[in-house]
Each structure stands twice: as C-alpha cells, then as structure tokens.
Amino acid sequence: MWVIISLSFFLLILIISNVRIVSQSNAYVLERIGAYYATWGTGIHVKLPFLDRIAARVTLKEQVADFAPQPVITKDNVTMMIDTVLYLQITDPKLYTYGVCNPMNAIENLATTTLRSIIGELELDETLTSRDVINNRMRIVLDEATNPWGIKVNRVEVRSITPPKSIQEAMEKQMRAERERRESILRAEGEKQSAILVAEGQKASAILKAEAEKAAVILQAEAAKEAAIREAEGEAQAILNVQKATADGLNMLKSVNADDPLIKLKSLEALQKVADGQATKIIIPSEIQNLAGLVTGITELVKK
C-alpha cells in the first residue's frame, strides 16, 4: 500500500516537473535525446522525462543591442569614436539556438567590422554629415549576415561621432570663421542695401524737384502766355473801338450831307487839337490855309 502511494506521488511529481507553460512573446527550443525536436510557442506543454530537454528559452521581443563606442579610421586618416545602437528581433528560435555560438557577441563583432569598412570609404566631412547613409548601409549588411542566425536587424542608429580633440578644435575654429564670414557678408549686404535705398531716395527727390521746377516753369509760361493773349485782345479791342468810332464819325458826316467847307472846318478843329501838343513844326494843307483866311475875314466883319 505504501509502495503504491509513494509510486503515485513520485509519478505526479515527475509529471508536474515536466509541464511547461510558455508565456507570450517567448519560445522554447526542445531537444529529444540530444537532437532538435520542436519549438514550443505560447501555451502549455509536457516533455518526456529523461528524454526531452529544453535547450534554449528565447524571447521574440525586439531587443536593443547597445555596444561600446568603436574606434574607426576615415578615408583621410582621421581616427574617431563612433557609438552605434542596434534594434534586432529573433525570428527563428531554432536558427538562433544552433546557428552561431553566442549570437550577441557575433553581432557586435560583425557590427564593428561593418562600421569600420563603411567609414573607411568616407572622409571626415562625409562621415559627420552622412549618418543616414551609414545607418542604412549597416542595417542592410547586418540584416543579410544575421539572417542565417534567425535574427532580423530592424534598425541601426549612429548615436554619436566623436572626432579627436584637435579635430574638434579645428572644426570649432572653422565654424567660428564661417560665422564671422557670414556676419561680414550680412553687414556688407545691409550697408549696400542702405546705400541703395539712400541713393534711390536722393534720385526720387531730385526727380520730384525737377518735375516741380518744370511744372513751375510751365505754369509761369502759361501765365505769361495768358497775359500776352489778354493784352493782345485788349489792344485789338481798343483798335476796333477806335476804328468803330472813326467809322461812326464818318457815317455821321455822311448822313448829314456834309459839304466840303464843313469837312475842312472839322479838319481845322483837329489841327487846333494837334497844335495844343508839344510839336514845334506843323504842316498845314493849302485847303485848310484858305479856309483859315476865310474864317479870319468873317471874324473881322462881325467885329465891325
């Protein structure tokens, strides 16, 4: 009786000890009699005692491989330290278990040699400005090389690039000189723009001044022209008035049937007005002289 109970208890313990529960995102590699037998996924599994053995427990989550900074030499013989980070994921637990011994160490060495090979083809300036190129090339090479190991390299990131101290000082001087050069260029451009604006302002002022003077001259000319026109119109009107008065006088003489003695008498009156002026010599027509004598004789008869 005690033997049966002990045997049952032993079998129960043996069965329980060979039951395995595989959690999410994990996998177990099972060997039977020393050879690969199966890969257990998520769930509950039972292995044969004394015959089956769990060879490896593998996580299927994406992992981050942070390696120490590696010294590399550029194409122009500059030694620098580059720190890289790999993001990888195990896709085949069997290949990961049997493909290579110490897979993470193998990936680190492979990443170091690949990085040195890529940087050796680039110069210092290209290395500092070509992080995306380095990342992509390393990812492609590492992903292809680790595929037989059941590992997929998703991303490679160059975290830092540290040139030698002397190179850093030279780069800082170069950067400072470049900033000073840009500052000088900007200052020169500002002064140039200021001079252009001042010249354009002076030009516009001169143009406006010339246009104002031209407008003033035109207005003066227009005013003088208007005054001359008005003066000429006044003189012409005066002449017309004189001519009209003369014509009216002649018409009046003609309308009263003036005879020759009357016309001569009017001439004498006009001559008298002329004599009132400052002329020192007056030429009197003979007809008016005869008329003057006649008038004198008539005047004397009246007095007697």
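**Close-up 1. Asp66 and its partner Arg159.** At 46% relative accessibility, Asp66 is partly exposed (20% to 50% relative accessible area; buried means under 20% and exposed over 50%, with a 1.4 Å probe and protein chains only). This is a predicted model, in which local features need pLDDT of at least 70 and side-chain atom pairs count only at pLDDT 80 or more, while totals for chains, interfaces and linings use all residues. Residues are numbered from 1 along each chain as its sequence is written, and side-chain values use heavy atoms, with hydrogens and water left out. Asp66 meets the side chain of Arg159 in a salt bridge of 2.7 Å, N to O; the term stands for a side-chain nitrogen of Lys or Arg within 4 Å of a carboxyl oxygen of Asp or Glu. The two partners are 93 residues apart, with Arg159 in strand 9 (residues 151-162) and Asp66 in strand 6 (residues 62-66). Helices (H or I, at least four residues) and strands (E, at least two) are DSSP runs, numbered from the N terminus. Arg159 is partly exposed too, at 45%. Through shared partners, salt bridges join Asp66, Asp83 and Arg159 into one network.

**Close-up 2. Two salt bridges between strand 2 and strand 5****.** The structure holds 10 salt bridges, and here are two of them. Side chains of opposite charge can pair when their charged atoms come close. Glu31 and Arg53 meet at 2.6 Å, N to O. This pair links strand 2 (residues 26-32) with strand 5 (residues 52-59), its members being 22 residues apart. Buried or partly exposed: which is Glu31? Glu31 is buried, at 9%, whereas Arg53 is partly exposed, at 47%. In the other pair, the closest N and O atoms of Arg32 and Asp52 are 2.5 Å apart. Arg32 belongs to strand 2 and Asp52 to strand 5, 20 residues apart. Arg32 is partly exposed, at 25%, and Asp52 is buried, at 6%.

**Close-up 3. The largest nonpolar core, with 31 residues****.** A nonpolar core is a set of buried Ala, Val, Leu, Ile, Met, Phe, Trp, Tyr and Cys residues joined through side-chain atoms within 4.5 Å. Ile82, Leu86, Ile134, Met138 and Leu142 have the most contacts inside this one. Two or more residues come from each of strand 5, strand 8 (79-90), helix 3 (103-119), helix 5 (131-146) and strand 9. Which element gives the most? Helix 3 does, with seven residues. Look around Ile82: leaving aside residues up to four places away in sequence, its contacts (heavy atoms within 4.5 Å) include Pro69, Val72, Leu115, Ile119 and Val158. Another core, of five residues, lies apart from the largest one and has Val22, Tyr28, Trp40 and Ile54 among its members.

**Close-up 4. Helix 5 and its buried face****.** The 16 residues of helix 5 should span 22 Å (1.5 Å times one less than the number of residues), and its end C-alpha atoms are 22 Å apart, which agrees. Ile134, Asn135, Met138, Leu142, Asp143 and Thr146 are buried in this helix. Seen down the axis, the buried residues fall within an arc of 145° (taken from the directions from the helix axis to the C-beta atoms), so they line one face. An α-helix has 3.6 residues a turn, so residues three or four places apart point the same way. What covers the buried residues of helix 5 includes strand 8, helix 3, helix 4 (124-129) and strand 9. On the face turned away from the buried side of helix 5 sit the exposed residues Asp132 and Glu144.
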